[in-house]
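Here is a short report on one protein model and its ligand. Keep the structure open while you read.

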Amino acid sequence: MASLPSTQKGVVINKTGGTDVLEYKTDLPVPAPAAGQVLVKNDYLGINYIDTYFRTGLYKPAQFPYVLGREAEGTIVKAGGGELYGLKEGDRVVWLGEAAYAEYTAVPADKVYKIPDGIPPKVAAAALLQGLTALSLVREAYHVEKGDWVLVHAAAGGTGLLLVQLLKAIGANTIGTASTPEKVELARRAGATHVINYSVEDVKAKVLELTGGAGVAAVLDGVGKATFDLSLESVARKGTLVSFGNASGAVPPFAIARLSARNTRLLRPTLFNYIATRAEFEAYAADLFGFAARGELDFRIHDTYPLSEIARAHADLEGRRTAGKLLLDPTK
Ligand code: NDP
């Protein structure tokens, strides 16, 4: 293995706020992997909505300076010793962790997965976090059965397009929502039974019409504040509302007595509690990359941004101008 540089490109924040707090650096130290860690040279970094929560302070960064980013695809260039789950230098991997917005990241090995042969770097980079999220939502947050009616908000988003495809594969009837005609068309092509433009249409009326007045068995809601009431009103008797994100803001506290109107189950899951153990992570990742290897999931990449243009990427994501996955190239 060639010798490693001592400095690298990366993006840090020293305070929370708007996109102006994102600082692109070319002289960050290259970390050394501790025991139980591997050092990965990242090819492509995945952007997720959660990155914006840490930037704005909705979620609190552990310390400053803080390197954003939760996932990447690359090659292991140094192993730290200790339990590495069979991972070794030269392995092409995807990983979940922290400090992804950089050329090199030292990552705990328990959330590193060796990519099966034949899966291109960008596909692997686009797949992991949103793919595992989508899988865990349809399997554990609400176990979707064939024939279920399911409402998916932001159906043309990174997570949304994967949810729609998985629901189609299960044989569920998906009602998607999206904010523009182009996004509506993307979600429809991904396999939704019907897609509602929630900028202009009455979502609840359409959901009741499509479900014969019953409502849906489950709502998968990553939009949060703006759609919470609508989601609650769209669920069938004994249905499930899975609120899994805050793209429009965090859902404010609410009176649980409202759940009794239709005996609604309410869940607020995070991916990391479904893949907490190595066995859980490996099983889900193997399933996900099985879909990828068989070409059964299309990982739509909205764009690959130079890392130096991180502010533009965040602005596009928060400005609802993206459909599918946003990637970063850490070399540029
Ligand atoms: P997306 O690619 O889905 O982007 C967010 C989308 O949300 C936008 O494209 C937009 O679609 C929609 N949206 C609706 N209202 C707003 C608003 N006010 N501001 C911005 N966007 C809005 O992002 P991700 O796939 O990365 O994440 C989707 C959601 O899933 C997020 O809430 C994220 O936090 C959550 N998530 C949760 C996880 C968990 O473990 N719980 C794991 C992964 C993701 P449109 O224009 O069609 O409305």
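## Ligand contacts

A polar contact here is a pair of N or O atoms within 3.5 Å. The model is predicted. By that cut-off, Y49 qualifies: one of its polar backbone atoms is 3.0 Å from an oxygen atom of the ligand. T159 reaches a ligand oxygen through its side chain, where a polar atom lies 2.7 Å away. G222 uses its backbone instead: an N or O atom there lies 2.6 Å from an oxygen atom of the ligand. Taken alone, the ligand exposes 900 Å², and the protein buries 90% of that.

How many residues surround the ligand? There are 29, and the closest are S179, K183, Y198, G222 and L271. G222 thus appears both among these closest residues and in a backbone contact with the ligand.

## Helix α3

Helix α3 covers residues 158–170. Does its length fit the expected rise? What should 13 residues span at 1.5 Å a residue? The expected value is 18 Å, and the end C-alpha atoms are 19 Å apart, which agrees. After the helix comes G171, with a positive phi near 95°.

Ten of the 13 residues of α3 are buried, so the rest of the structure largely encloses this helix. Buried means under 20% relative accessible area. The buried residues include G158, T159, G160 and L161. L162, L163, V164, Q165, L166 and L167 are buried too. T159 is also the residue whose side chain meets the ligand oxygen at 2.7 Å.

## The antiparallel sheet

Three strands build an open sheet in the order β2-β1-β4, with antiparallel pairing. β2 (23–29) and β4 (66–67) stand at the edges. Each has a single partner strand, so one side of each lacks a neighbour in the sheet.

Strand β1 takes in residues 7–13 and is joined to β4 by two bridges. V12 has V67 of β4 as its bridge partner.

## The parallel sheet

Six strands form another open sheet, ordered β11-β10-β9-β12-β13-β14, and the pairing is parallel. Its edge strands are β11 (194–197) and β14 (265–267), each pairing on one side only. Neighbouring strands of this sheet are turned by 15° against each other on average, direction ignored.

Which strand does β12 (residues 216–221) join through five bridges? Its partner is β13 (residues 235–243), and the two run parallel. Within this pair, V216 stands opposite V235 of β13. Strands of a sheet pair through backbone hydrogen bonds, either parallel or antiparallel.

Key: Residues are numbered from 1 along each chain as its sequence is written. This is a predicted model: local features need pLDDT of at least 70, side-chain atom pairs count only at pLDDT 80 or more; totals for chains, interfaces and linings use all residues. Side-chain values use heavy atoms; hydrogens and water are left out. Helices (H or I, at least four residues) and strands (E, at least two) are DSSP runs, numbered from the N terminus. The expected span of a helix is 1.5 Å times one less than its number of residues. Buried means under 20% relative accessible area, exposed over 50%, partly exposed in between (1.4 Å probe, protein chains only). Two strands pair if DSSP finds at least two bridges between them. A residue is near a molecule or strand if one of its heavy atoms lies within 4 Å of it. A polar contact is a pair of N or O atoms within 3.5 Å; within protein, one must be able to donate a hydrogen and the other to accept it, and residues adjacent in sequence count only if both atoms are side-chain atoms. Accessible areas come from the Shrake-Rupley method with a 1.4 Å probe; for residues, only the protein chains shown count as cover. Axes are lines fitted to C-alpha atoms, for helices over the stretch in contact, and angles run from 0 to 180 degrees between N-to-C directions.
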